[in-house]
Amino acid sequence: YDDSETETRPPVVTIMGHVDHGKTSLLDAVRKTDVVRGEAGGITQHIGAYQVRSPLGGLITFIDTPGHAAFSSMRARGAKVTDIVVLVVAADDGVKPQTIEAISHAKAAEVPLIVAINKIDKPGADPQRVRTELLQHDIQVESMGGETLEFEVSALKGTGLKELLEGIQLQAELLDLRADPEASAEGTVIEAKLDRGRGPVATVLIQRGTLYNGEIVVAGAEWGRVRALISDDGESQRDAPPSTPVEILGFNGTPEAGDRLAVVESEARAREIVDYRARVKRERLAARAAG
Ligand code: GTP
Ligand code: NA
Ligand code: MG
């Protein structure tokens, strides 16, 4: 790794899989295992990304399934947001088209995959069939002699979640994920919207450095001075360190998912960058129109 990336950072995990295989249920169940968070502020999710503490003590950042299309468009734009993909496969349904799609996304992004065989509580559950089907798509799980971590879980009953979270943390330790919290912040916009009361609201994953309230940021064609940083449990923060998902208020316009965020030293510099990007975009459009 890069020597300047000094501190271990939490892994960023995306959950993927076929429709109705239990992605959202699994995320909800995982959130409920975070007892501390549960006691402090309930389990209400304020933004499309959040952190939980694994049973081994480390933090894990989950990004709520951005959908495969959003995932690949971010990747196409060079935004690498995920460190680990958790592939959810329903034990009563097996490998399906979107399972296969998720496998190819993870492969193309060169991101390690962890298999969660879900719905093992169901009478028709056949986890062994899932393993065999995965093998046909070059995913060899540990119990089949391979290296891909696998966990039998039930999002409904809460079975196997502790093991899954431990597995994610272990996989993260192998990846030796690091970032320099002293650097000026860099990140990626996960989602953004125009809120009637609050103006443009961008959910950003901070990937490097620490973002501080009051700093001037540029993301894609928009800039602003950070007026508030709001964490996944709805609390205002003074700063956001690496791997933290955070809502940013203060943008003058609404950036787009996949836009890269950077801190700049002045409003003048922010305007310069945004004006330059707007000009490049206009020229590109004009050139395209001219054939
Ligand atoms: P999409 O976002 O629509 O692709 O679906 P999803 O993958 O998020 O699945 P979701 O969590 O919505 O679950 C689909 C259905 O499966 C719901 O009716 C869940 O209650 C059910 N379900 C999810 N996990 C389990 C499980 O472990 N056991 C059982 N029995 N049912 C489950
Ligand atoms: Na569903
Ligand atoms: Mg869902």
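## A strand in the middle of things

Let's start with strand E2: Val12, Thr14 and Met16 point one way from it, while Val13, Ile15 and Gly17 point the other way, and all of them are buried. Keep in mind that this is a predicted model. From E2 we'll move out to its sheet, then to a helix packed on that sheet, a ligand, and a few residues with a positive phi.

**Strand E2 and its partners**

- How many of the residues of E2 are buried? Six of its six are, so you can call this strand mostly covered, given that a residue counts as buried when 20 or more other C-beta atoms lie within 10 Å of its own.
- E2 pairs with strand E4 (residues 59-63) in the parallel sense, over three bridges. To find this pairing in the structure, look for Val12, which stands opposite Thr61 in E4.
- E2 also pairs with strand E5 (residues 84-90), again in the parallel sense, this time over five bridges. Here Val13 is a handy marker, as it stands opposite Ile84 in E5.

**The whole sheet**

- Zoom out and you get an open sheet of six strands with mixed pairing, in the order E3-E4-E2-E5-E6-E7.
- Which strands sit at the edges? They are E3 (49-53) and E7 (150-152), and each of them pairs on one side only.
- From one strand to the next, the twist averages 30°.
- Helix H4 (residues 97-108) packs on this sheet and touches E2, E5 and strand E6 (113-118). The direction of H4 makes about 165° with that of E5.
- Helix H6 packs on the sheet too, touching E2, E4, E5, E6 and E7. Its direction makes about 175° with that of E6.

**A closer look at helix H6**

- H6 covers residues 161-175, which makes 15 residues. From its first C-alpha to its last it reaches 21 Å, close to the 21 Å expected at 1.5 Å a residue.
- Which residues of H6 are buried? They are Leu161, Leu164, Leu165, Gly167, Ile168, Gln169 and Ala172.
- When you look at the spacing in that list, here's a handy rule: an α-helix has 3.6 residues a turn, so residues three or four places apart point the same way.
- Right after H6 comes Asp176, whose phi is positive, near 50°.

**Around ligand 1**

- Ligand 1 is surrounded by 15 residues, and the closest are Gly22, Lys23, Thr24, Ser25 and Leu156.
- Where does the largest share of this shell come from? It comes from helix H1, which supplies three residues.
- Sorted by kind, the shell has three nonpolar, seven polar and five charged residues.

**Two loop residues with a positive phi**

- Asp20 isn't a glycine, yet it has a positive phi of about 65°. You'll find it in the loop between E2 (12-17) and H1 (23-33).
- Is Asp20 buried or partly exposed? It is partly exposed, because it has 13 other C-beta atoms within 10 Å.
- Ser243 is another residue other than glycine with a positive phi, near 70°. Its place is in the loop between strand E15 (239-240) and strand E16 (245-251).
- Ser243 counts as buried, because it has 22 C-beta neighbours inside 10 Å.

Note on methods:
Residues numbered from 1 in each chain as written. Chains lettered and ligands numbered in written order. Predicted model: local features only at pLDDT ≥ 70, side-chain atom pairs only at ≥ 80, totals over all residues. Helix = DSSP H or I, 4+ residues; strand = E, 2+ residues; numbered from the N terminus. Expected span 1.5 Å × (residues − 1). Buried ≥ 20, exposed ≤ 12 C-beta atoms within 10 Å, placed from the backbone. Near = placed C-beta within 6 Å. Nonpolar A, V, L, I, M, F, W, Y, C, P; charged D, E, K, R; others polar. Pairing = 2+ DSSP bridges. Axes fitted to C-alpha atoms, helices over the stretch in contact; angles between N-to-C directions. Contact = placed C-beta atoms within 7 Å.
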